[in-house]
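This report concerns a two-chain complex and is intended to be read alongside its sequence and coordinates.

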Amino acid sequence: MGFSTTLTVNGVKRTIALDDPRVTLLDLLRERLELTGTKKGCDRGQCGACTVILDGRRINSCLALAISHDGADVLTIEGVARGDRLHPVQEAFLTHDGLQCGFCTPGQIMSAIGLIQEAQAGDDPERVREGMSGNLCRCSAYLGITEAVLEAQKVLDTASQREVA
Amino acid sequence: MKTFDYVKPATVKDAIAAASEPGAAYLAAGTNLLDLMKGGIARPGRLVDISHLPDLDQIEDLPDGSVRIGALVRNADLAHDPSFARRFPVIAEALLSGASAQLRNAATVGGNLLQRTRCAYFYDVASACNKRDPGAGCDARGGDNRLHAILGWSERCIATHPSDFCVPLVAFDAVVEVDGKKGRREIPLDKFHLLPGDTPERESALEPGEMIVAVRLPAEATTFAAHGRYLKVRERTSYAFAVVSAAAALRIADGTIAQARLALGGVAPKPWRAREAEAILAGKRPDAALFRRAAEVALAGAKPSGDNGFKIELARRIVARAFTLAAAGTPARVPALPASPFAAVSGDVIHA
């Protein structure tokens with residue numbers, strides 16, 4: 001039985017034929033759209049490596065069926081930079097060594113973008129750590145990750161204040 | 001994952017018709033169901049996708065002062081709804097102590113109630129499990145069972161219900177609204193989850209095809225807002241299920257407890273209301289010795305189901321601590337580490 005799903009991925013509308021309803025959003029991104037920046041870690045919603053922003057909210061793409069999200073808007077790591085200009089969260093991860101091997105980094109960055117949009121953590125490192133606890137880092141770069149999130153948030157706050165002014 | 005038919009009905013009525021076939025399961029966010037399907041624990045022949053049904057994602061104030069939460073409201077949206085969190089701070093804290101931000105952004109209210117146990121033997125299809133395969137036996141008995149039930153368990157099943165959200169819900173007399181082929185009906189949450197007895201595969205009072213459409217909290221639940229806490233002991237600081245948790249709330253008038261509410265999580269096959277403990281608190285002045293007595297009453301029927309006798313004393317201490325913190329006043333904002341017994345409680349308290 002044939003299905004199809006239409007998604008707006010990083011600003012581009014894509015209609016994808018699915019031969020099987022079991023395809024997760026993660027597998028669709030990686031295997032059908034060749035967007036391999038989103039990583040498959042545990043594939044069971046435990047590690048956060050597959051985090052993407054779906055309709056404005058960070059979620060685990062391994063626990064979402066592609067077919068269930070027909071019409072949705074998806075932002076992945078491939079869609080956050082503007083040409084050669086990195087996203088402020090990407091810049092901050094570089095500045096603060098928020099990574100070592102890099103496997104969890106796309107998920108960390110997408111989760112951080114989601115956390116900053118949610119605006120619940122403020123400048124409290126403990127709230128940032130709690131808010132990022134769904135993203136595991138086996139190299140344990142957590143210190144740098146927390147610093148990066150806090151700095152990126154400051155940069156983005158300043159930028160949005162400038163926009164308002 | 002076993003393959004399945006996928007249907008996406010446009011109305012609740014069509015969804016119920018589609019899900020009344022044997023082997024059908026409802027799909028909302030899928031944060032628990034897809035995980036179970038990947039592991040071969042759940043093997044539905046048909047998925048009825050209800051995630052886009054209209055009108056089930058609202059938080060409504062009803063004329064009688066009760067609050068109605070649609071089954072598709074996301075856990076994060078409920079916890080962060082300012083009006084809801086102000087009136088139900090214990091529920092907001094419980095929600096925020098569960099899972100991760102990504103999962104809370106997806107997981108729904110109805111799905112939270114229906115999530116399956118995290119017993120490792122239930123998850124491991126090579127193990128015997130009466131819940132997964134009725135009559136197969138229970139490898140958790142005599143296995144690694146330090147996190148298993150101390151209340152309400154049976155010889156057939158010693159698994160616990162994993163929800164944080166359900167613990168304050170049952171303390172505050174939440175009612176589950178369900179819809180099915182025979183029409184709408186209401187089930188008090190305390191009667192919604194079933195004890196395992198000889199049929200641990202039957203976990204809820206839902207009939208085949210019945211669907212949760214909303215959870216309702218009575219107006220009286222808001223009268224506990226000034227003195228309530230949810231406390232949860234985990235094996236790591238964040239993103240872990242409860243070893244033991246407690247929702248404790250007091251209505252205090254003129255320095256005396258007018259009424260108390262208590263429920264425990266992580267200790268039983270269902271969210272565990274402790275009415276007898278509540279009763280001994282009414283009419284007394286709050287103090288540590290009284291709360292310890294209430295904790296002893298709450299755990300009076302507890303017995304280990306394996307290497308988990310430590311959970312009985314742990315639960316007593318968490319109950320006493322939760323009441324002590326509740327008496328001191330609900331924090332004006334959910335602590336940075338929600339429900340953590342190790343979090344410093346500082347700053348303002350709510351003046352409801």
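The following paragraphs treat confidence, overall form, domains, the chain contact, the core and one loop residue.

This is a predicted model, in which local features need pLDDT of at least 70 and side-chain atom pairs count only at pLDDT 80 or more, while totals for chains, interfaces and linings use all residues. Residues are numbered from 1 along each chain as its sequence is written, and chains are lettered from A and ligands numbered from 1 in the order in which they are written.

The predictor assigns the complex an ipTM of 0.97 and a pTM of 0.97. For chain B, the mean pLDDT (the predictor's confidence in each residue, from 0 to 100) is 96, and 98% of the residues reach 70 or more.

Chain B contains 13 helices and 12 strands; these are DSSP runs numbered from the N terminus, with helices being H or I of at least four residues and strands E of at least two. Its C-alpha atoms occupy a box of roughly 60 × 50 × 35 Å along the principal axes. The radius of gyration of chain B is 20 Å, which agrees with the value near 20 Å for a compact globule of 352 residues; it is taken over C-alpha atoms, and the globule rule is 2.2 Å times the number of residues to the power 0.38. Of the 352 residues of chain B, 51% are buried, where buried requires 20 or more other C-beta atoms within 10 Å of a residue's own, exposed 12 or fewer, and partly exposed lies in between, with C-beta atoms placed from the backbone. Contacts (C-beta atoms, placed from the backbone, within 7 Å) with a separation of 6 or more in chain B come in 65% of cases from residues 24 or more positions apart.

Domain bounds come from an automatic or database domain assignment, and the table lists them with the distance between domain centres, taken over C-alpha atoms.

| Chain | Domain 1 | Domain 2 | Distance between centres |
|---|---|---|---|
| Chain A | residues 3-79 | residues 88-164 | 22 Å |
| Chain B | residues 5-52 | residues 227-328 | 36 Å |

Between the two chains, 23 residues of chain B are in contact with 27 residues of chain A. On the chain B side, α2 (33-38) and α6 (101-106) are the elements that give two or more residues. The largest contribution on that side is from α6(B), with 5 residues. By class, the side of chain B that touches chain A comprises 11 nonpolar, 9 polar and 3 charged residues; Ala, Val, Leu, Ile, Met, Phe, Trp, Tyr, Cys and Pro count as nonpolar, Asp, Glu, Lys and Arg as charged, and the others, Gly among them, as polar.

The largest nonpolar core (buried Ala, Val, Leu, Ile, Met, Phe, Trp, Tyr and Cys residues joined through C-beta atoms within 7 Å) has 157 residues, of which A247(B), L262(B) and V319(B) touch the most other members. Helix α13 (residues 310-328) of chain B supplies the largest share of this core, 9 residues. Not counting residues up to four places away in sequence, V319(B) touches several residues, including L262(B), A294(B) and A298(B).

R141(B) lies in the loop between α8 (120-123) and α9 (166-171) of chain B. R141(B) counts as partly exposed because it has 18 C-beta neighbours inside 10 Å. Leaving aside residues up to four places away in sequence, R141(B) touches I158(B) and G306(B). The C-alpha atoms of R141(B) and E155(B) are separated by 8.2 Å, with the two residues 14 residues apart along the chain.
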